[in-house]
Amino acid sequence: MKSNLRKIFASRVFIGGAAAIAIWGVLALLIAAGIFSRSMQSLLIQICYYVTLALSLDLVVGYLGDLSLGHAAFYAVGAYSGCAFAVYTNLPLALKFIGGLLVGGICAAIVGFLISCAILKLRGDYLAIVTLAFGEFVRSIVKIIPGLGGTKGLLGIPSFDSRVVGFTASYIVLVLVIVAIYNFTHSRHGRTVTAIRDNAIAAESVGINIKRTKVLVFTISAFIAGLAGVVSGFYKTSITPGDFDYNVSIEALVMVVLGGMGSIRGTVIASAIIVLLPELLRGMDEYRMLIYAIVLIAMMMIKASPKCRALKEKLDGKINGFRSRFTRKRAK
Amino acid sequence: MSMLKVENLGITFGGLHAVENLNLEIEKNELYGLIGPNGAGKTTVFNMLTGVYKPTTGKFWLDGEELTGRSSIEINRKGIARTFQNIRLFGNMTVAENVLVGLNNQMRYGLASSFLRLPGFFKEERDYSKRADELLAVFDLYDERDTLASNLPYGKQRKLEIARALATSPRLLLLDEPAAGMNPNETAELMNTIRFVREKFDMTILLIEHDMRLVMGICERVTVLNFGTELASGETSKALNDPAVVKAYLGD
């Protein structure tokens, strides 16, 4: 009985779940108590959808090893289709949100599927350029589709009245995405993805279908980027094509690279820092973007330094040690 | 009927005849050598047999089934697995994961099980990591199962590549210069491993090799290639003493 309890306490599911709830509890409390300023509250929601977007890109760049510069396109397709669903249907808010997520995710996934079929033979720089062009293409198409508001944007997207609820909804989406990506990357399907990244020729020699795997990863990644788009729309209440230019793709790429490609934890931390950074530097006025750039460069350099790596390994060891303490006791 | 039958196999790149009119018949459980000087076209033969290149002429059969021109994936599923001259492991994955990738096509659980961790996921992952561990134990790699493949010493990387190829449960194993870069001790150990693999898994093996001691030690029959054409073939000692072969290796 007792050993069973220990096992449960040491399991990833328990530790992860407890951490997720604890973080939510603290942040929601701080929002509800009014300790966080309004701008800080909105930043928290922004972090949620930016992390979701960065994680979706991490699947393609970090795990599959293909450079995509067009993730803003999937983000846009998700945002527009999901938010249009919310604007043009007559449902309770919660259903609008959930339905919007489904519609946005699925539409983005379909676009992701189609585009990945088209770019299967491209690699490296060529893939990057084509995805970049594709991103701009989607943005232009959105402008001419009737009902989406043209260049003025889609207005009147419903939003959550209370910031606590808004944050909670965005946070739940993020946590579900993290769980899904973790599960996927730690399954046989995820293994084939990293195998292709590490050595495509060897992967094919053991019978892995590279084309099918790539299409699958792009589709899943587009779905998740679509979810991020819907969450962003519900936060902003209006979206314009300008919100989805290539800067968004680049920013997501910075988050992924800074987080150490192919690492969920790293991407989450890096994305949060990058969203917060301009805000923390607000007091510096016109030097803000300059310092932002310098901090980015410094972070990359520090991250690559041997000292920092040693520290990370030590931390990893501590975490694992903490986990195995429970299991070891059980064995005795 | 022979296990692998190759008839008039040939390929040209532009105007260059990389391999011409190759004929091979390999019996079940045989250890067959494919040798020849650098640039003779040995690896090209492997690439044709594994679907990396499409042969321009000729055909080949595995157990009577024609596989000419099929894709790498299909050929692997039909039972031909290979290793590479320049080791190609999944460097950022652990040793156990490398073998699990090899086992992937035998695993059945679907995407939903992956995302939602349905019971099928746990059961298969448990069963197959046990199988991977067994395979690793055969190659004396069990203790390194959680090390990154790129951190393994050279000799063990070679072994891991063979283990990964065997994980796809092939009928025919193609080894591309397994002893390349090994010292005499490692080569001797490798010879034992290859013999062991053949007995334990009842495997048919075709190998490319430069190390003549290894070839003489374990291959029953060989085919000697030079400039893409067959110089001699037959029992190892006879073929190697063929005047044309001696000339190709040592000059006039």
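**Exercise 1.** Which residues point one way from β7(B), and which the other way?

*Solution.* Keep in mind that you're looking at a predicted model. Start by walking along β7(B): B:L172, B:L174 and B:D176 point one way. Next, pick up B:L173 and B:L175, which point the other way. Now check burial, where the cut-off is 20 or more other C-beta atoms within 10 Å. All of these residues are buried. Put that together: five of the five residues of strand β7 (residues 172-176) of chain B are buried, so the strand is largely enclosed by the rest of the structure.

**Exercise 2.** Find the strands that bridges join to β7(B).

*Solution.* First, a reminder: strands of a sheet pair through backbone hydrogen bonds, either parallel or antiparallel. Take strand β6 (residues 80-82) of chain B: three bridges join it to β7(B), and the two run parallel. For instance, B:R82 has B:L174 as its bridge partner. Then go to strand β8 (residues 204-208) of chain B, which is joined to β7(B) by five bridges, again running parallel. Here B:L175 is partnered with B:L207. To get from β7(B) to β8(B), the chain passes through helix α7 (residues 184-200) of chain B, making a right-handed β-α-β crossover.

**Exercise 3.** Work out the strand order of the open sheet of four strands, then place helix α1 of chain B.

*Solution.* The order reads β2-β1-β4-β5 (chain B), with antiparallel pairing. At the edges sit β2 (16-26) and β5 (65-66) of chain B, each pairing on one side only. Two bridges link β5(B) to strand β4 (residues 57-62) of chain B, and B:L62 stands opposite B:E65. Finally, helix α1 (residues 42-49) of chain B lies across β1 (4-13), β2 and β4 of chain B, at about 70 degrees to β2(B).

Methods:
Residues are numbered from 1 along each chain as its sequence is written. Chains are lettered from A and ligands numbered from 1 in the order in which they are written. This is a predicted model: local features need pLDDT of at least 70, side-chain atom pairs count only at pLDDT 80 or more; totals for chains, interfaces and linings use all residues. A residue is buried if 20 or more other C-beta atoms lie within 10 Å of its own, exposed if 12 or fewer, and partly exposed in between; C-beta atoms are placed from the backbone. Two strands pair if DSSP finds at least two bridges between them. A crossover is right-handed if, with the strands pointing away from the viewer, the path from the first strand over the helix to the second runs clockwise. Two residues are in contact if their C-beta atoms, placed from the backbone, lie within 7 Å. Axes are lines fitted to C-alpha atoms, for helices over the stretch in contact, and angles run from 0 to 180 degrees between N-to-C directions.
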